[in-house]
Every structure is written in structure tokens, then in C-alpha cells.
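Here is a short note for a colleague who has not looked at this structure before. The points below go from one sheet to the core, the open and closed spaces, and a few single residues.

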Amino acid sequence: MGAPAAEAVRTVPRITGLSTRLLTVPLRRSWGAEAPENHVIATEVHTDDGGTGFGFSWTPTIGPQAVKALLDHDIAPFIAGLPATPEGVWDVLWKRLHEAGGGGLTTIAMAGVDLALWDLQARRAGTSVTGLLGQRQESAEVYGSGVNLHYTLDELVAQAERWVAAGHQAVKIKVGKPDLREDRERVAAVRSVLGPDRRLMIDANQRWDLPTTFRALDVLAEFGLEWLEEPIRADDLWAYRRLRKHSPVPIALGENLHTIYRFRDFIEAEAVDIIQPNIIRVGGITPFRRIVELARTNSIKVMPHLLPELSGQLALTLAEPTMVEDVEEASFEQLGILAGPSPVRFANSRVALADRPGLGFRFRETPQP
């Protein structure tokens, strides 16, 4: 009776190696002087039966070399010999790296391993990652988004007009100008382009403190906002608890929360209406799924942050419909760094699966203009 069980254990492939390469790509529409480019750390996980899984880590500005160093020098030696199961590897790796920080660069690096293992597992099963996890939605709504605080008013209006022409029923713009009157002018102009029925979200990217946020809401709430995103420093739970208690606009945050524990803290403190986990920043698909279930049990909406080729696939596995963020001309396909077709299709302001094995995409050796 013991032999078959032992044989079953031996059939689980084990990790034999991890390789990485850093790809830096200029943005077609700069996100401002501080963020003219994005960085992708492409990863490959190899197993003892000849398998290879393809994943990536990502950061728009800070730490791409540090992420690669973590992968090469700390993660690669540790995961060698482990069974190639995404959740098992994630848990032991997070404990291993926690000394260097429970989230941030550590979880960004971990995502490169986690995605590669999910890619490998799905392709072994002859399906997409969406199919492996269980597809629950045929398609998901896409909202137009822009990193556009540095745009002139005319440029911002022109962008809003492109979103309307593309059929978007929801859009998001940046706020946080030094003069609140300028924010009001810009929000009013975009609302005028959108009309009364399309949804408008605003994102302050941690530019305000609590008193400034209340002053801004007094001025901007009249424009029928779907949500106010990350107005205050993301670490300040106390301020967000006060804000949500008195805000006339739903509060969204989460792109700068990195662990399920921090999401739990904000949810239990009743400090947030909508969470926006970034699948890479939280450490990959494994923790993202756990965070989603935490939100679901607390009736909190989930709107994944950025990375539409990845977020679009995971959005289709969620029990509740969500919206996928698509920053204008910033997808991997539009940046020319995919080695083949996109794993998702965008049409009529919806995203659907192209149904390719695994994650469905790999990266070029060099970007293609």
C-alpha cells in the first residue's frame, strides 16, 4: 500500500532553476517626469521533468534591479528542489523572505515565481490560467484610465473624448494639483465630456492629507464621483478610517497594500469601500485570490489595479463582476514587449479571454517600437 503513495509524491515535478532578465521600456504616453518608463523582470522556472513556466515581476519606477537581485540571489537558491506547486512555494518563500520585509520588493519579486508556477500548472493541464482557476465571467468591463495630472486641460479633455469615442462607460483621471480650483476645473471639464450617465473616478495618488481631502470632497463631490482613490498616504489607516466615516464618495485603495494582513486591517477598520490589489505587488495570483475571498466575505468590491493582460484574466475568475483598468497606451501589447498576441481581447469596452495555454504570453528580448 505504501508504494503507490510514494510514487504519487515522486510524480510532483520539482524546481531545478530560476532565470530572470530585466526589460525596461519607455512609455508611449509618459506618466510624468518621475515615471517615463516601466520595468518588467521576466522569469522562467524550470522543473526536473523538463518543464518551464513563464512569469514576470513589474515595477513602474522603483527597484527593478533590486527585484532582480532578490530573485537571482535569494529566491532562486531557496526554491530549488521544492515541489512546483504555486501555493506551497508561496507560503514557504514568504516566510523565508519576511526578514527583509513582509511586502513591497519582497512580494513584487515573489510574483515572478508565483506567476511562472501557475503558468506551468495551467499548461500541464492543457488550459489557460483562467480555465484552471475556474472561469466565472464571459467578459469584464474595461474603464479608461490615465496618468494625466501633468496634462494640460486641453490634453485632458482630448483624452476624455477618446475614451468616450472608444465606448467606455467609466473613466478615471488624476487629481492633486497645488490649487484645488484647478482640480475642480479639470474634473468639471471631464464630466462635461462624459455627460451625466458615464461614471467618473478620481485618483489623488497619496497627494493629500486628511484636512485637504475633506476640502477637496467639498468641492469635487458635486460631480457625481464613483470613487475617490488613495487620497492619503496608503500607510495611514487612522486617517482612512476617519475619512470613510464622513466621505460622501466611496473610498478606493489597495495598490500600495502588499499583504492580506494589511487588507484585513483596512477592511476590519471599515476604512475602505473598494479594494484595488495589484496582482504583482501583493506577490502574485496566490495571494490575490486570498485577498479577493477576504473582500468577498466582507462585502467589499474588488477592482484589480493596472496590468490589463494579467488583471483581465483574473477578473474573469471572480464571482462578482468587476472592472479592469486600462491606462491609455500602456498595456504590454501597446508597449510592444509581447513576443506574441495578447492573451486577452479588448472590444466594446469589454475584455475577454483569447484562451491560450497558461498565462498566454511571454516577453520579447527587446521592445518593438
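1. Angles between axes here run from 0 to 180 degrees between N-to-C directions, and each axis is a line fitted to C-alpha atoms, for helices over the stretch in contact. The model is a predicted one. In it, helix α2, residues 64–79, lies across β1, β2 and β3. The helix runs at about 175° to β1. On a scale that ends at 180 degrees between N-to-C directions, this value means that α2 and β1 point in nearly opposite directions.

2. The sheet under that helix deserves a description of its own. It is an open sheet of 3 strands in the order β1-β2-β3, with antiparallel pairing. Its edge strands are β1 (15–26) and β3 (52–59), each of which pairs on one side only. From one strand to the next the twist averages 20°.

3. How many bridges join β2 to β3? There are 8 of them, and β2 covers residues 37–47. Two of the facing pairs can be named. I41 stands opposite S57 in β3, and T43 has G55 as its bridge partner in β3. The hairpin of β2 and β3 has 4 residues between the strands, and in this hairpin G50 takes a positive phi near 90°.

4. Is β3 mostly covered or mostly open? It is mostly covered, with 8 of its 8 residues buried. T52, F54, F56 and W58 point one way from the strand, while G53, G55, S57 and T59 point the other way. Being an edge strand that pairs on one side only, β3 still has buried residues on both faces.

5. Nonpolar side chains tend to be buried together in soluble globular proteins. In this model the largest nonpolar core has 100 residues, and F56, F332 and F363 touch the most other members. Helix α4 (residues 105–124) gives the largest share of this core, 11 residues. Leaving aside residues up to four places away in sequence, F56 touches V40, I41, A42 and T43, along with A111, G112, L115, I280, L310, F332, F361 and F363.

6. The largest pocket has a volume of about 710 Å³. Its lining is made of 33 residues, and those nearest its centre are P60, T61, N205, E255 and R281. Which elements give two or more residues to the lining of the largest pocket? They are β3, α4, β5 (170–174) and β11 (323–327).

7. Strand β5, one of the elements in that lining, is largely enclosed by the rest of the structure, because 5 of its 5 residues are buried. A170, K172 and K174 point one way from β5, and V171 and I173 point the other way. The two lysines, K172 and K174, are thus listed among the buried residues.

8. Strand β5 pairs with two other strands. With β4 (residues 139–145) the pairing is parallel over 2 bridges, and S145 has K172 as its bridge partner in β5. With β6 (residues 199–203) the strands also run parallel, joined by 5 bridges, and V171 stands opposite L200 in β6. Strands of a sheet pair through backbone hydrogen bonds, either parallel or antiparallel.

9. Closed spaces are present too. The structure holds 2 cavities of 30 Å³ or more, and the largest cavity has a volume of about 90 Å³. Among the residues that line the largest cavity are W31, N38, W58, L306, L307, P308, E309 and F332. W58 belongs to β3, and P308 and E309 are buried residues of α12. Helix α12 (residues 308–315) is mostly covered, with 8 of its 8 residues buried.

10. Two single residues close the note. Is A295 buried or exposed? A295, in helix α11 (residues 285–297), has a relative accessible area of 0%, so it is buried. Not counting residues up to four places away in sequence, A295 touches I267, I275, I300 and V302. T366 lies in the segment after β13 (350–353). T366 is exposed because its relative accessible area is 53%, and the cut-off for exposed is over 50%. The C-alpha atoms of T366 and I337 are separated by 7.0 Å, although the two residues are 29 apart along the chain.

Key: Residues numbered from 1 in each chain as written. Predicted model: local features only at pLDDT ≥ 70, side-chain atom pairs only at ≥ 80, totals over all residues. Heavy atoms only, no water. Pairing = 2+ DSSP bridges. Contact = heavy atoms within 4.5 Å. Buried < 20%, exposed > 50% of the residue type's maximum accessible area, 1.4 Å probe, protein only. Core = buried A, V, L, I, M, F, W, Y, C linked by side-chain atoms within 4.5 Å. 1 Å grid on protein atoms, 1.4 Å probe; cavity = no way out; pocket = protein on both sides within 12 Å on 5 of 7 lines; lining within 4 Å. Points joined across faces, edges and corners; volume = space filled by probe spheres on them.
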